[in-house]
Amino acid sequence: MVLVADQWKNYRLLDAGDGEKLEQWDRIVLRRPDPTAIWPKDTKEKRWNTCDAVYHRSDKGGGSWEYRTKLPESWNISYKNLTFRVSPTGFKHTGIFPEQAVNWDWMSELIASHSSENLHILNLFAYTGAATMACAAAGACEVVHVDAAKGMVQWAKDNMHLSHLEDHTIRFIVDDCLKFVEREKRRGHMYQGILMDPPSYGRGPNGEMWKFEKDIQPLLEAALELLDPDHPLFFLLNSYSAGVSQTTVHNMLATTIGVSHPEGILTSGEIGIRMQDRDMILPCGVYGRWQRHD
């Protein structure tokens, strides 16, 4: 099953192909690499050549932006009642993964319909906090936002202010996710909702190495020990790792939370964005979801 993020008002995927994607973020058009887009571009789409900025990969790793128009250092984009800061970074990202809006909506609906339950939500690999803000705005009692990158956590705080959520209880933590989870277990803290969006590769604040295929299973098992055994609401796992399929993610959850909480509903699939002028979807990763069956 492919879930398509189609509720955006000021973001559009104009086209994708030949290893790139062309996106409009408010009024600014960016052209970025995307290794999944191996089909041909739409040659009728002129904005490939008139975009405001292009990200070029380097043979030595990483890359850089070529600015064809003078752009602000950052600008804002909105999704429903939330506002986020967008800024082209040196590693091609912009601070927002728009396809994740399908997961923001899913969690928001669950939280809003159970907001009387004093819900505590844990967001691991929380990045710039779009999911954190969605959960807080939906009525979570507390959201704990954990990411190893200090700069990303500061960006998330900016998004909190932009979305006017200062009066909500959001704890921002700069830490290695597994170390934080292990400490939370010792403290006896429990959460009714847990989400994690781990990278394929990464480093913790003290140089800890992360590789999805090697490290995800211990983290998954440790995190599930923090899921409230009496009142669990949801668990969400995202993956952008090229070698990790929907079936892999489904099996990981089926053999963990599916065993400890067999009464819940377990689903998995792809998430994506529909191209504006072609009846095609750009795949943007896979998800595995567990939710309580009321």
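**Figure 1. Burial and overall dimensions of the protein chain in the predicted model.** Of the 294 residues of the protein chain in this predicted model, 54% count as buried. The accessible surface of the protein chain amounts to about 13,500 Å², and 51% of that area belongs to carbon and sulfur atoms. The C-alpha trace spans about 55 × 40 × 40 Å along its principal axes, and the radius of gyration of 19 Å agrees with the value near 19 Å that a compact globule of 294 residues would have. The protein chain has 8 helices and 17 strands, and among its contacts between residues at least 6 apart in sequence, 63% join residues at least 24 apart.

**Figure 2. The open sheet of 5 strands running from β2 to β6.** The strands of this sheet follow the order β2-β3-β4-β5-β6, and their pairing is mixed. Strands β2 (11-17) and β6 (63-67) stand at the edges, where each has a single partner strand, so one side of each is left without a neighbour in the sheet. On average, neighbouring strands of this sheet are turned by 20 degrees against each other, with direction ignored.

**Figure 3. The antiparallel pair formed by β3 and β4.** Strand β3, which covers residues 20-25, pairs in the antiparallel sense with strand β4, which covers residues 28-33, and the pairing extends over 6 bridges. Within this pair, Glu23 has Leu30 of β4 as its bridge partner.

**Figure 4. Two residues other than glycine with positive phi, Asn118 and Phe125.** Asn118 lies in the loop between α2 (101-113) and β9 (120-124), and its phi is near 60 degrees, a positive value in a residue other than glycine. With a relative accessible area of 45%, Asn118 is partly exposed. Phe125 is placed in the loop between β9 and α3 (130-138), and although Phe125 is not a glycine, its phi is positive at about 55 degrees. Phe125 has a relative accessible area of 15% and is buried, because the cut-off for that class is under 20%.

**Figure 5. The surroundings of Val146 in strand β10.** Val146 belongs to strand β10, which comprises residues 142-147, and is buried, with a relative accessible area of 0%. When its neighbours within four places in sequence are left aside, Val146 is in contact with Leu122, Asn123, Leu124, Phe125 and Ala126, and also with Ile173, Asp175, Cys177 and Phe180. One of these contacts, Phe125, is the buried loop residue described in the preceding legend. By contrast, the C-alpha atom of Val146 is separated by 25 Å from that of Thr248, a residue 102 places away along the chain.

**Figure 6. Cysteines Cys177 and Cys284 in a structure without disulfides.** A search of the whole structure finds 0 disulfides. Cys177 takes part in no disulfide, and the nearest cysteine sulfur, that of Cys135, is 15 Å away, whereas a disulfide would require two cysteine sulfur atoms within 2.5 Å. Cys177, which is also among the contacts of Val146, counts as buried at 4% relative accessibility. For Cys284, the closest cysteine sulfur is that of Cys51, and because the separation is 19 Å, the two sulfurs are too far apart for a bond. Cys284 is buried as well, with a relative accessible area of 8%.

Notes
Residues numbered from 1 in each chain as written. Predicted model: local features only at pLDDT ≥ 70, side-chain atom pairs only at ≥ 80, totals over all residues. Heavy atoms only, no water. Buried < 20%, exposed > 50% of the residue type's maximum accessible area, 1.4 Å probe, protein only. Pairing = 2+ DSSP bridges. Helix = DSSP H or I, 4+ residues; strand = E, 2+ residues; numbered from the N terminus. Axes fitted to C-alpha atoms, helices over the stretch in contact; angles between N-to-C directions. Contact = heavy atoms within 4.5 Å. Rg over C-alpha atoms; globule rule 2.2 N^0.38 Å. Areas by Shrake-Rupley, 256 points an atom, 1.4 Å probe, with all protein chains shown as cover.
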